[in-house]
Amino acid sequence: ERECSVQRRHQKMIEEAPSVAVTPELRRKMGETAVRAARAAGYVNAGTCEFLLDQSGDFYFLEMNTRLQVEHPVTELVTGIDLVQWQLRIAAGELLPFRQEDIAPQGWAIECRITSEDASNNFLPSTGRIEYLHLPSGPGVRWDGGVESGSEIGLYYDPMLAKLIVWGADREQAVTRMRRALVDLIIQGVETSRDFHIRVMDDDEFQRGAIDIQWLERRLASILERPPSNESVRVAAIAGALLAERDRGAR
């Protein structure tokens, strides 16, 4: 299962696997329900059933996405299964070599959607040219991106530039790794959601997993007014400017 409650205006901002709200019993019931729905429709492909969970632990079917979702990498990181590869192999006539009971998720994965939006200005879309891009690295860090230095960011497409995904042995380590990866990420030329995500990683409620579908709407103002908890963001920006200047000199 994936937890996608951190949303703004019904758009997902952060996703993780597993969910802080799901118990082993709930996982079993929800999984069985999803499988029954797919079988009843004769569905054969990758797909996702979405449910809403209430405070009493009851869940309600919302919709089924009959495709890969943006957040599929968190599933891949905790299961070790390449969903895109297996879609292609099944389409080519192969059979899955594993059963459900063979899949034992390990650790915790978090994904942040890096968008060309100015969070401090009501998430106004930002356009322009990416002058410099420095990607994060290190243990458990994955970057699924569609931009590079020199990319033009226009108005005519979705503002998502890339997905930054991390894996950790547990949720605390995953949050720590995500924060470090976000600080390492440098994108110059357009405004992005990077600093917003750093602030979310610093939020004590998010760190405790005290989130729900309306959490970000309630918490957004306080998240945006609080600066990141240390100087690392400013230092990273200075480093990025120096690296960009060095590269211009080399050219």
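Biologist: Why is Cys-112 called buried?

Modeller: This is a predicted model, and in it Cys-112 has 0% relative accessibility. Buried means under 20%, so Cys-112 counts as buried.

Biologist: And what makes Cys-4 buried?

Modeller: Same kind of check: the relative accessible area of Cys-4 is 13%, and the cut-off is under 20%, so Cys-4 is buried.

Biologist: How do you know that Cys-4 and Cys-112 aren't bonded?

Modeller: A disulfide needs the two sulfur atoms within 2.5 Å. For Cys-4, the closest cysteine sulfur is in Cys-112, 12 Å away, so that's too far for a bond. The structure holds zero disulfides.

Biologist: OK, over to the salt bridges. What makes Glu-32 and Arg-28 a salt bridge?

Modeller: Their side chains meet with N to O at 3.1 Å, and the limit is within 4 Å, so the pair qualifies. Both residues lie in helix α1, residues 24-40, four residues apart, about one turn of the helix.

Biologist: Are those two buried, exposed or partly exposed?

Modeller: Glu-32 comes out at 38% and Arg-28 at 39%. Partly exposed runs between under 20% and over 50%, so Glu-32 and Arg-28 are both partly exposed.

Biologist: What about Arg-219, which partners does its side chain have?

Modeller: Asp-203 meets Arg-219 in a salt bridge at 2.8 Å, N to O. Arg-219 is in helix α7 (residues 215-225) and Asp-203 is in the loop between α5 and α6, so this pair ties together parts 16 residues apart in sequence. Asp-204 also forms a salt bridge with Arg-219, with the closest N and O atoms 2.8 Å apart. Asp-204 lies in helix α6, so here the parts tied together are 15 residues apart in sequence.

Biologist: Why is Arg-219 called buried, and Asp-204 partly exposed?

Modeller: Arg-219 has a relative accessible area of 19%, and buried means under 20%, so Arg-219 makes the cut. Asp-204 sits at 40% relative accessibility, so it counts as partly exposed.

Biologist: Last stop, strand β4. What makes Asn-65 and Glu-50 a polar contact?

Modeller: Their side chains are 3.1 Å apart, and the limit for such a pair of N or O atoms is within 3.5 Å. Asn-65 lies in strand β4 and, at 10% relative accessibility, counts as buried.

Biologist: And why is Tyr-60 called partly exposed?

Modeller: Tyr-60, also found in strand β4, has a relative accessible area of 45%, so it is partly exposed. With Leu-52, Leu-62 and Ile-213, Tyr-60 forms a nonpolar surface patch, about 370 Å² of accessible area together.

Technical notes
Residues are numbered from 1 along each chain as its sequence is written. This is a predicted model: local features need pLDDT of at least 70, side-chain atom pairs count only at pLDDT 80 or more; totals for chains, interfaces and linings use all residues. Side-chain values use heavy atoms; hydrogens and water are left out. Buried means under 20% relative accessible area, exposed over 50%, partly exposed in between (1.4 Å probe, protein chains only). Patches are made of residues with over 30% relative accessible area and no salt bridge: like charges are joined within 9 Å, nonpolar side chains (Val, Leu, Ile, Met, Phe, Trp, Tyr) within 5 Å. Accessible areas come from the Shrake-Rupley method with a 1.4 Å probe; for residues, only the protein chains shown count as cover. Helices (H or I, at least four residues) and strands (E, at least two) are DSSP runs, numbered from the N terminus. A polar contact is a pair of N or O atoms within 3.5 Å; within protein, one must be able to donate a hydrogen and the other to accept it, and residues adjacent in sequence count only if both atoms are side-chain atoms.
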